[in-house]
Amino acid sequence: MAAGWFYLTCLALGSLGSLCIFFTIYWMQYWRGGFAWDSSIFMFNWHPVLMVAGMVVLYGAASLVYRLPQSWVGPKLPWKLLHAALHLMAFILTVLGLVAVFNFHNHGHISNLYSLHSWLGITTVFLFSCQWFLGFAIFLLPWASLWLRCLLKPIHVFFGASILSLAIASVISGINEKLFFSLKNATKPYSSLPSEAVFANSTGMLVVAFGLLVLYILLASSWKRPEPGILTDRQLLLHLQPGSQPGSVAYEPVTVRQPDEPWLPEMSL
């Protein structure tokens with residue numbers, strides 16, 4: 001049951017992520033005229049697609065690499081490489097998305113970085129850059145000592161979740177800003193909620209749902225990578241497949257407090 005719930009959650013996450021990208025592409029294609037790479041408004045249309053695909057969907061997927069039960073045993077290096085590679089792909093898509101919007105603004109003599117959306121977005125990208133290079137230098141390269149990795153790991157995890165949250169806020173504010181700029185015709189203002197506004201707002205809600213599900217999986221303690229040699233009840237169920245043997249895994253039972261039992265913290269003797 002535990003394994004089924006975990007993989008069902010991952011299936012829902014993959015479906016939500018695919019819908020986020022598909023909805024953004026459809027919005028730009030159907031209502032905003034499609035795509036080009038010529039510094040026109042059609043080049044700008046790549047910006048929301050690439051940012052949603054990179055900073056939200058691919059970034060979220062990369063953050064969950066260590067939640068897969070398969071990553072709990074065996075060498076950790078392949079999973080580190082996958083984690084870093086997926087984040088690098090997300091970063092490349094993000095840079096292309098920034099190129100698209102800056103080229104469009106410069107070609108049309110539009111000011112850069114004046115809105116709250118742009119401030120949130122550029123802050124998110126800056127933190128993402130620092131996060132990736134710090135992770136590459138400290139956790140992937142072999143030079144860093146164990147105490148340094150232990151010191152920086154909570155910070156790395158905190159900023160990982162924070163960057164995703166900032167990315168979601170950037171996307172939501174960007175959708176709203178785009179609708180305000182585009183739907184200002186007197187016959188179809190944004191306030192009348194035309195079909196484009198309904199669709200774009202729905203896309204934003206999908207992005208929020210995707211981000212919340214990623215954060216839920218990240219924060220669920222039973223789905224975190226266990227300490228070496230220790231699996232809790234639910235982690236053991238997630239790890240073991242039908243017909244498999246536990247192997248050399250230390251099992252740590254979980255004590256459940258009854259409702260009428262007083263809470264007494266464990267004392268170290």
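## The second largest pocket

Let's start with a hollow: 35 residues line the second largest pocket, and Phe44, His47, Val101, His117 and Glu177 lie nearest its centre. (A pocket here is an open set of points on a 1 Å grid, where a 1.4 Å probe fits, with protein on both sides within 12 Å along at least five of seven lines; lining residues have an atom within 4 Å of a point.) α1, α2, α3, α4, α5 and α6 each give two or more residues to this lining, and α6 brings the largest share, with 8 residues. Helices are DSSP runs (H or I) of at least four residues, numbered from the N terminus.

## About the model

This is a predicted model, where local features need pLDDT of at least 70 and side-chain atom pairs 80 or more, while totals for chains, interfaces and linings use all residues. Residues are numbered from 1 along each chain, and side-chain values use heavy atoms, leaving out hydrogens and water.

## Rings that meet

There are 17 aromatic pairs, meaning Phe, Tyr or Trp rings (the six-membered one for Trp) with centres within 6.5 Å; planes under 30 degrees apart are stacked, over 60 edge-to-face, and the rest tilted. Trp31 goes edge-to-face with Tyr26, at 6.1 Å centre to centre and 85° between the planes. Trp31 also pairs edge-to-face with Tyr30, at 4.7 Å and 85°. These rings belong to one aromatic cluster with Phe22, Phe23 and Phe199.

How exposed is Tyr30? Its relative accessible area is 55%, so Tyr30 counts as exposed (over 50%; buried is under 20%, partly exposed in between, with a 1.4 Å probe and protein chains only). Trp31 is partly exposed because its relative accessibility is 24%.
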